[in-house]
Amino acid sequence: MNKIYTLSLGAVAVITVSCADLDTQPDGEVTGDQFTESVKRDNALLEGVTKSAFFNIGKEYNVFGISQGRADDFGYPADCLSDGTNAGDIVGVNSGYNWFSVAANYGDRNVNYANPYERWAMYYNQIKCCNDLLNNIPEATTPELKSYQALGKALRAFDYFQLVQRYALTYAGHTTDPAVPMYLSDNDKTDGLTTARQTVEFVYNFIEKELDEAVTNLEGFIRPDKSVMNQSVIYGLKARVSLVKQDWDKAAEYAQKAIDLAAQEGIVPASIDEVSHVGSMFISNDEPNWMWGLSFGPTNIETDGEYETWVSQISSLASYSYTTETGCFRAINSHLWNTIADSDVRKGWWVDGDCQSPLIEGLLWSNSGETAPLGVGCGNLFDFIPYTNVKFGVYQGQFGTTQTCGDFPMMRVEEMYLIFAEAQGRLNETQGATALEQFVKTYRDPAYNYAEKPTANFIDEVWRQRRIELWGEGFAMNDILRLKKPMVRYQGTDDTITNWAQTYQFNLPAEDGTLLMTIPQSEINGNEYISADDNNKSGTTPRMGINPELRDGVTDVR
Amino acid sequence: MKKKLTMFLASLFLVGSALAQTKVSGTVLSQEDGQPIIGAAVKVTGTSTGMLTDVNGRFTLTLPTGKNQLEITYLGYEGKTVTAKNGMRVFLKTDAAALEEVIVVAYGTAKKSAFTGSAATMKAEDISKRQVSSALNALTGSVSGVQVTSYDGQPGKDPIIRIRGIGSMSANSKPLYVVDGVPFDGSISSINPADIETMNVLKDASASAIYGSRGANGVVIISTKQGRKGQDAVVTLDARWGVNNRAVPNYDVIDNAGSYYETMYRALYNEYYYAMDDVTGAHDYANQNIFTNEGCQVFTVPEGQRFIGTDFHINPNARLGYSDGKYYYTPDNWYDEMYNTGNLRQEYNATISGSTDKMNYYMSLGYLDDKGIINSSAYKRYSGRLKADYQAKSWLKVGANLAYTFEKQEAPGFQNKWGSSGNAFFIADNIAPIYPIYVRNADGSYLYDAMGIQVLDTGTNTGQKRKFSAGNPAIDLKLNSYNQEINSINAKGYAIIDLPLDGLKLNANLNAYASDNRENNLYNPHYGSSSSTNGAVNVNHYRRQSLNQQYLLTYQHDFGLHSIDLLAGYESYDMKYRLLETNKQNIFLDYVGELDNAIKYPSSPKSNTVRYVTKGWLGRAQYNYAQKYFVSASYRRDGSSRFAEGHKWGNFGSLGAAWLISKESFMESTAAWLDELKIKVSYGIQGNDHLMNGDDEIYYPYQDIYTVTDVNGTAVPIFNGYKGNKDISWETSYSTNMGIEFALLKGRLSGSIEYYNRTTKDMLYYKPVPVSIGYESYPINSGSMYNRGIELNLEGTVLKLKDVEIRLNMNLTTVKNKVTDYPETNKGSMRIIEEGGSIYESYLRSYAGVWRGDNSEYTLAEGFEPVLGDALYYVDPDNGNYAVTDYSNAKQAHQGNTLANVFGGFGLTARAYGFDASVQFAYQLGGRVYDHKYQGLMSSDGQNGHNWSKDIYDAWTPENAQSNIPRLDTGVDDSQYTSNRFLVSSDYLSMTNITIGYTVPARLVRSIGLSALRIYFAGDNLALWTARKGLDPRRALTMGVSTLGNGYSDTYAGLKTISGGITVSF
């Protein structure tokens, strides 16, 4: 019987030993506690955190995550693509594979759709990153911490600036309109937070204050790479803001400041030669004209051959792409393209109506063992469609590569030249015209002569230059709203010039409600301060053939 | 046979007769299996002469003069009186009613009559009828209170089980699975259904509260078979062969190219006409775009003529088939081509079981090969089990239960991904009937490539660029391979020690489970998505391992009529799950799915480990007086690693009582017809820590989660969107159960009726926050809801003759779900959760019909100018605004609960002259389901090669002005607009199983050395009746989710299996 007791005691001992520990941690993912603790222990980690805030807006499966695996969920470039399509400058194919057909038919104004949700949430997710960064710096005691703080604030200002332009009509004349909810310090908890739409003016005041502070605190800061802002980029942002506010003096001043500071880093406008290398342009932060870019390298995609990246949806040169493998190429509105002079290098950024461009002559691409002239279908690759863009390059310039990564421009110095010219011209048209002519002549079209411009006035000419130069980079709808222009895709029912599919042929009047994004349903459902009635009124989905009489002063000139 | 019983009965018959004159000998056998019955009492009627049968079932008696009747009795069998005859063989029938049923409950067993809780049992004989790879599928319609749904028909996949409704909002509502006394982590399909003796579903708190944290959603106790006491080794072999087919056909879609084109033409015509008001222009537009819109021309139209005329009919001179000189194009029937016929299913099982004085053993080997219904999809299972216990010492019993399963699952990717070009089900069901599946040469012959592979149309490899789905799932399924090899071991060792105090025992159980899943996927280099990278391989490894320890002290004692049964113990559970995922590209051999066969390194291999730990102290006391009054109480204190410090522990417990009225002396007068009448009541508190993140497991729900990311060369954790909350703790449910059980007319009619009410409080759910805050929600404990209803079970023998018996069974469960306390209103895109509603309250825009130009029919919202045939939606019905407007200006409105409120099953079993037949049905009533797939098939704009339901023929036209289906119009993006228009009844009736068998008479089979032989035919999932052809409401319990990416409508379809089989015992 003693044995029995011994055994039983043994069992009790086992129980005591086996008392499993209830404190477990994941090995792989990082918990909030682990994160905060390690940052506190080692302040140097904050540099990475700062970089990650910048990275956030461009990461793959940006908003919905990999489990949904959406092919339009690639962050900022997806917003730019939607924006250009909405505005009419980027023409999309009418196909079941065109993930951005909702931008073509303005279905993206449907509050339940994924596209507008992504474009809303990605900016706010980045704002949360910025706030988390700022919360990890209770006191900026060192120059490093000061600069991280400044960057967090500046980036947050950039996000609000994007949002205010997408969700409210422009500053001029609309300062008291409702804009977007703001998270000024901490958005870790909702309790006690007023998440109502702030006025346009409130948002702009905040943006300007934060940018001013950032400029000061970034004095002497040397950035790790171009995915992070520095003083020149912040001056660039200030120039953009001033342009919207029609504060021409400041716009010119800041643009000049941005140009000067950028030049100190060796950043200058790309030469004609530099922007005539199809494949290796508009694809890397290393390009000398980029002031700020989203970094998206091979290690940032889940697997090689990924369909859910911006390269797959915008660039026409990689295989494993929605563009090349389903034929959903992104083309320029032929009306706009027709305004480009033959002597302008940019004319070759898009193939012509016969799918030819001087910039792609002699180039080849290959797929599945077949090789063909670039743009001619082979293997699984489709033929280019008329006006397909070859502006955006491809990883390492390799045509037909399966590597669908690539950096995306957030700010180029060329834009600063255009802001400077526009602001100058608003104050003094001659000076502005000179600045514009000098820029275009030097860097894009040696034969350019302002006096022979196709457009009727200076404003339209600068806008035309912006639309061509910045095509696909996210400025199109912002400019339409800022300039209070109509959105024009075609010119009446007998128009056969436009390459917009007939089903998407419609125009919208200036400051039409449909030009604004609508706040997604889930925001409204989760936000006690914004009801469905507080949302932007988009009206009915535009139909084929409406407003044929509208003209914008640019696309109708030739 | 029972040793003690032998002695007891022997004492009754010890006195033989000295006046014996005639000697007779004979054998007593079981009618069921022809086995000899050992220890049956044989008594000469009217005397005290008798004896017990020996190990061969034999007896020898000397009959007193004038006596020739023998009474033969044996416990559990119906007694028989026969005329004595030398060499006679007497067959006894089992007496179901006479056997006191014992059911397996938490940490032990209980007599059914003494059980105070609520349980439903499914037995081996019913499970074995079903041709299922997961035994859980057999529960469909079989037991009350249990709902079974399955959105994935891939063989080897477990269905989703809900017991008495959905008990949680964001926490997992799945029940706890306990296999042979120990919580089980693996998939139930890894257990050979042939090994299962019973599946016992514990539904109320008094039955399952002792499982504490994990029993809140009910418990399914699976008990594997064991040797029958006193039984010599019995070997049973079973083999069955059958074929699978798709159980539910597609919706009634347009099935010929001509009709499809005419419909598309109408949509194009309308787009132009209703925008431009120009008939000629509209016809021009439609004719110009008819082929380009779909990207496929399969008609040859004479030069200079139009394909479709102004009468909207195809030009009679156009003929099907088109050649561009290089290829010939003609549509193929994707549906017929995709589901290959002859999908064999075969299953073989061999078992040996028996027992000796000291040992009880059960061994089995099983093999299942189920080919599914599409190429590359299959499931093979090799399973073995060895289970034995041994009375090592008078005070020590030890045992082990080892189960090893090797599963080879071929489950092609993307089959459950809505909209994916790799999803054979999505494509076959939804593709317009105009596309070729094969590439044909200009002369119409099939094209083969240089390797001899038949070339399929990928939508991009011919002159015709298909706009619906680039790629071709058929070529993927043919040339790719998807292999998962899963080794799982479930090993339990236990010891029961009789402690010196009589009735006191210590029971130690250790259970280790390990499952290793190695997945090799090969994507071929020739065709499809990986041809650009010259093929690709994924190699993944998933390991789940857990250790469960139980130390239980039990004490059982009777004091006269008082009987007590006590249990105290400790249990801990430690689970670890690890994954490793890698991939490589550019392969050499086109049939080898290993990394060494590829050269290009992966960009992101990944691995991680998560752990989940619980521990708990438990106790239970059961008391009964005279087997009439029963009381039980249980308590458990549980800790979980899923909560933060200070919130880990919870206290749970239950009380139950039962009264066996039929045993009361005042019920004697009813004894003739009332066998049993019991009233029971119970109440208990249980916990749930299993917070989910959508469909994903989340092991650290209280923590914010970051993912380490490569940010330009720096490793930085990036917030992945999951926001935790350290204040969360146990969700608690409070269950009440009341019931009556009865048996009448010597077991001819039995049944039970129960009322249940489970209130869940401090619900774990994700509180939505403004998206602008940077995440969508975070978990909290708040609010409460209940699920309540009644359950009815009836089983009756309607006909019982000597050789003929017919039994009927039915069960019915009602469930009502109501949110009783909820601090906010949680609005989703399709549902709303708020106080007073159900958790599946639908919340959709209200479809009002079609604009017919009649102002008296509808009030138009201000500024709304509809076009004839436009879809109309009510502006805000919840606030009484029934003016109509377009979709974007209409508001979501309450559309009512969608959960079915009645469900159950019924069936019939008949036996006659060796034949047996049974048929089982399952049903559901009173719910609704969102019919996503139909919505897709009814889109007005015909999204680029997406097919239509034939119902679209009835769309509004000026000639068909009374239609409620909006005008076809390629310019109106109405297709994905979600509204109550697509909410339909989820009522269904399904025939889950038919079995017909014949048992060859025992005396025939014995002559060939067997003890039993049965042949049978079985059909599973043979028919389904629903609101609409193609709709399968069994795919989701609730309204489903939207088509935004993961609707359950286009997933691997359910299987229909027809088999024949043979069972042999010796």
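Two residues are in contact when they have heavy atoms within 4.5 Å of each other. In this predicted model, where local features need pLDDT of at least 70, side-chain atom pairs count only at pLDDT 80 or more, and totals for chains, interfaces and linings use all residues, B:D152 touches B:K157, B:N416, B:R1035 and B:Y1052, leaving aside residues up to four places away in sequence. Residues are numbered from 1 along each chain as its sequence is written, chains are lettered from A and ligands numbered from 1 in the order in which they are written, and side-chain values use heavy atoms, with hydrogens and water left out.

B:D152 lies in the loop between β11 (146-149) and β12 (160-163) of chain B, where helices (H or I, at least four residues) and strands (E, at least two) are DSSP runs numbered from the N terminus. With a relative accessible area of 11%, B:D152 is buried; buried means under 20% relative accessible area, exposed over 50%, and partly exposed in between, for a 1.4 Å probe and protein chains only. Although B:D152 and B:Y1052 are 900 residues apart in sequence, their C-alpha atoms are 5.1 Å apart in space.

From this loop we turn to the two chains together, where 103 residues of chain B are in contact with 99 residues of chain A. Chain B and chain A bury about 8300 Å² between them, 52% of it on carbon and sulfur atoms, the buried area being the accessible area (1.4 Å probe) that two parts lose on being put together, summed over both. Four salt bridges are counted between the chains, each a side-chain nitrogen of Lys or Arg within 4 Å of a carboxyl oxygen of Asp or Glu, and one of them joins the side chains of A:D533 and B:K891 at 2.7 Å, N to O. Strand β32 (residues 606-625) of chain B gives eight residues, the largest share of the side of chain B that touches chain A.

The chains also meet through strands, for β1 (residues 30-31) of chain A runs antiparallel to β38 (residues 705-711) of chain B and is joined to that strand by two bridges, at least two being what DSSP must find for strands to pair. Here A:V30 stands opposite B:Y706.

Two further loop residues deserve a look. A:Y320, in the loop between α11 (310-313) and α12 (322-326) of chain A, has a positive phi of about 60 degrees although it is not a glycine, and at 5% relative accessibility A:Y320 is buried. B:A626, found in the loop between β32 and β33 (629-640) of chain B, likewise has a positive phi, near 55 degrees, in a residue other than glycine, but B:A626 is partly exposed at 21% relative accessible area.
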